[in-house]
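Reader: I'd like to learn how to read cysteines and charged pairs in a model. Can you walk me through it?
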Amino acid sequence: MPDGKTPDFLNLESFLSEEERQVRDTVARFVDERVLPIIAECFEHERFPMELVPQMAELGLFGPTFSDYGCAGLNEVAYGLIIQELERGDSGLRSFASVQSGLCMYPIHTYGSEEQKDRWLPLMARAKAIGCFGLTEPDGGSDPGSMKTFAQKRGGDWVINGAKMWITNGTLADVVVVWANTEGGIQGFLVEKGTPGYLTRDIAHKFSLRASVTSELFFDDCRLPDSSRLPHADGLEAPLSCLTQARYGIAWGAVGAATACYQAAMEFCRQRALFGTSLINKQHMQIRLADMVRRITSAQLLALQLGRLKDRGAVHPSQVSLAKWNNVRMALDIAREARDILGAGGISVECCPIRHMLNLESVVTYEGTETIHQLIVGREITGVGAF
Ligand SMILES: Cc1cc2nc3c(=O)[nH]c(=O)nc-3n(C[C@H](O)[C@H](O)[C@H](O)COP(=O)(O)OP(=O)(O)OC[C@H]3O[C@@H](n4cnc5c(N)ncnc54)[C@H](O)[C@@H]3O)c2cc1C
């Protein structure tokens, strides 16, 4: 296995199709050429690199698994490889793509009317419209069934009141898929930027996902026609199904972030000479690098198997939870380990591990905290919900 490159200890490459490899290599080139040269600056100055979005759209990275509305029609493994490479660049950029595809285009495609799909999906595939997903509220995200945002039927319209918090792409978005309680249970609505009673505000002072926009959304007597409601979304299952899409991507993305940190640690060990020899010759360093490869390889296997199951339509949400939990924990541990291996230099944004480490503190929390995924797996194996 070539050192310093993406670890592929079990030759998983040989299980990928030609198309899957091409997709991965195209996105890897984009990340190497366009993302890596600017991402440290973006992170430091808390700036989302909007200038990259048109090229991402040209590459077909938005809604890539749909085969209609101008989307690329790729399989789930190819989608996972896209996400893996984007997150090798930065979790913030990957979050943008996950939200656009998995949390906004997916619910419109799955639960929307023909009119809603025709209106939004072609625009979103070309990034001519940006989306966001409003589920979490200020009083807690882990228990979305208890949401307070309420949509009341008034005549033929709906009137929404409430607030959403920690919403990726919130102020950038032309449309939000917002989830609200109603007298008939949880429903989804499409709210356009500029709708009276709908306001957004960015959340500042984040020490994580600094190259990503995170916002608050406010609904104050926001009146919508019934045509704004997602007609096929009925109950909490609908937003949870969107989370399964995004969590699936994260299981792949974490492999990308871990790979970047592993590569940085390997390169540093080759260059740094201490006590008369390069760190790469130290037994303890080899054990640490070997342990990274062990953990990355296990995560790659999980992601690939999940993707193959998903392509067969046979994946269960608890399997996605197991992979999200395992792979993000793996990436966070490796990022911290790599940060330590780099010594003092490891605290600089010029070296990627600390940026990935800080980003992964969000990734381990959003799309279900680690505890929530452990409880989902626990419920699956015991038959008892212990939330
Ligand atoms: C950068 C960022 C971007 C985000 N983007 C979005 C977005 O685009 N859209 C969106 O809707 N949300 C988004 N979120 C919100 C995210 O999904 C929530 O933060 C997450 O679901 C956790 O909710 P919470 O922060 O309110 O924590 P809480 O739900 O209040 O949890 C607090 C703590 O309690 C623990 N806990 C919860 N339940 C139990 C239990 N039963 N037993 C034991 N412990 C428990 C949790 O693990 C956690 O440690 C984002 C968050 C971040 C940080």
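Reader: Why is the sulfur of C222 not in a bond with the closest cysteine sulfur?

Author: Start with the idea: a disulfide is a covalent bond between the sulfur atoms of two cysteines. Keep in mind that this is a predicted model. Here the closest cysteine sulfur to that of C222 belongs to C132 and sits 12 Å off, which is too far for a bond. C222 is also buried, at 0% relative accessible area.

Reader: And what about C352, which cysteine sulfur is nearest there?

Author: That of C261, 4.8 Å away, and C352 is in no disulfide. The cut-off is 2.5 Å between sulfurs, and the count for the structure comes to zero disulfides. C352 is buried too, with a relative accessible area of 17%.

Reader: OK, on to charges. How many salt bridges does a search of the whole structure find?

Author: It finds 27. To read one, look for a Lys or Arg side-chain nitrogen within 4 Å of an Asp or Glu carboxyl oxygen. Take E137 and K164: their closest N and O atoms are 2.8 Å apart. E137 is in the loop between β1 and β2 while K164 is in strand β3, so the pair ties together parts 27 residues apart in sequence.

Reader: Are E137 and K164 buried or exposed?

Author: Both are buried. Compare D333 and R329, whose salt bridge has N and O 3.4 Å apart. These two lie in helix α8, four residues apart, or about one turn of the helix. D333 is partly exposed at 25%, and R329 is partly exposed at 27%.

Reader: Which residues are linked in a network with D333 and R329?

Author: D291, R294, R295 and E370, through salt bridges.

How values were computed
Residues are numbered from 1 along each chain as its sequence is written. This is a predicted model: local features need pLDDT of at least 70, side-chain atom pairs count only at pLDDT 80 or more; totals for chains, interfaces and linings use all residues. Side-chain values use heavy atoms; hydrogens and water are left out. Buried means under 20% relative accessible area, exposed over 50%, partly exposed in between (1.4 Å probe, protein chains only).
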